[in-house]
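I opened my notebook for this one with a plain plan: go through the fold, the charged pairs and the surface, and write down what I find. Come along and check each entry against the model.

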Amino acid sequence: MTTQTDIPRSEPAQRRSWLHEHSELGVCVLLLALGVLVLTDALTMDVDITQRGPVGPKTVPVVVGIGLLVIAALLAVDVLRGGRGQAETGEDIDLSEPADWRTVLLLTGVFLGAAVLIEPVGFPVAGALLFWGAAFALGSRRLDRDPLIAAVLSLVTYALFNNLLGVPLPGGPLMGAL
């Protein structure tokens, strides 16, 4: 009597089995490609070093790119030595339920609305509408609290980017007040 283990598998089946057992190598390839892309972009960036100082705009992308390459190599070595990722235990969601398209569409609309409004009304107003709209789309119905939190969050974000980081954001009608 012949069992399944006695029958030799064909070469394509063995290759598929090896790839299935080492599927994490796909993540390694993705990390490697991303690291090469980041490094290529960073190293070909045209920056006048005299304007930026010793730590310029190339520094962080180079560090991130090298980090991605190192992580890809370490993960590949781990996978080839037999390391396996833990199986996902699942989340507290019911996968048999359909997607909540209403929420997805509301969030999409809020995001696109903020993108359209950012130039004419400025970031503080568009950001407040974005934060408030996202909270509403995700289920918050506190109309007494949410607009205030959204306005404060938007103003703090504007001040952080515009004043501390030097990233100019459109201020809109509030430009003179801020």
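**Entry 1, a cut-off first.** I call a residue buried under 20% relative accessible area, exposed over 50%, and partly exposed in between. I also keep in mind that this is a predicted model.

**Entry 2, charged pairs.** How many salt bridges does the count come to? I get 2 salt bridges.

I looked up Asp-146, which forms a salt bridge with Arg-145, the closest N and O atoms being 3.5 Å apart. Arg-145 has 37% relative accessibility, so I note Arg-145 as partly exposed. Is Asp-146 buried or exposed? Asp-146 has 8% relative accessibility, so I enter Asp-146 as buried.

Next I looked up Arg-142, which forms a salt bridge with Asp-144; here the closest N and O atoms are 3.3 Å apart. Arg-142 is partly exposed at 39% relative accessibility, while Asp-144 counts as exposed at 59%. As a reminder to myself, side chains of opposite charge can pair when their charged atoms come close.

**Entry 3, the fold.** I stepped back to the whole chain and found 7 helices and 0 strands. Reading along the sequence, I wrote the pattern as α-α-α-α-α-α-α. The protein has 178 residues, and 19% of them count as buried.

**Entry 4, two helices.** I then followed helix α2 (residues 25-43) and helix α4 (residues 59-80), whose axes come within 8 Å and cross at roughly 160°. The cut-off for roughly antiparallel is over 145 degrees, so I describe α2 as roughly antiparallel to α4. I noted the crossing of α2 and α4 as left-handed.

While there, I stopped at Asp-41, whose place is in helix α2. Asp-41 is partly exposed, with 48% relative accessibility. From Asp-41 to Pro-61 I find 8.2 Å, C-alpha to C-alpha, with their positions 20 residues apart in sequence.

**Entry 5, the surface.** Which residues make the nonpolar surface patch of about 620 Å²? My list reads Leu-117, Val-125, Leu-129, Trp-132, Phe-136, Leu-143, Leu-155 and Leu-174. Helix α6 (residues 123-137) gives the largest share of the patch, 4 residues.

I picked out Trp-132, which lies in helix α6. Its relative accessible area is 32%, so Trp-132 is partly exposed. A patch residue needs over 30%, and Trp-132 at 32% meets that.

Key
Residues are numbered from 1 along each chain as its sequence is written. This is a predicted model: local features need pLDDT of at least 70, side-chain atom pairs count only at pLDDT 80 or more; totals for chains, interfaces and linings use all residues. Side-chain values use heavy atoms; hydrogens and water are left out. Patches are made of residues with over 30% relative accessible area and no salt bridge: like charges are joined within 9 Å, nonpolar side chains (Val, Leu, Ile, Met, Phe, Trp, Tyr) within 5 Å. Accessible areas come from the Shrake-Rupley method with a 1.4 Å probe; for residues, only the protein chains shown count as cover. A salt bridge is a side-chain nitrogen of Lys or Arg within 4 Å of a carboxyl oxygen of Asp or Glu. Buried means under 20% relative accessible area, exposed over 50%, partly exposed in between (1.4 Å probe, protein chains only). Axes are lines fitted to C-alpha atoms, for helices over the stretch in contact, and angles run from 0 to 180 degrees between N-to-C directions. Angles under 35 degrees count as roughly parallel, over 145 as roughly antiparallel, 65 to 115 as roughly perpendicular and the rest as oblique. A crossing is left-handed if the near helix is turned anticlockwise from the far one by less than a right angle, and right-handed if clockwise.
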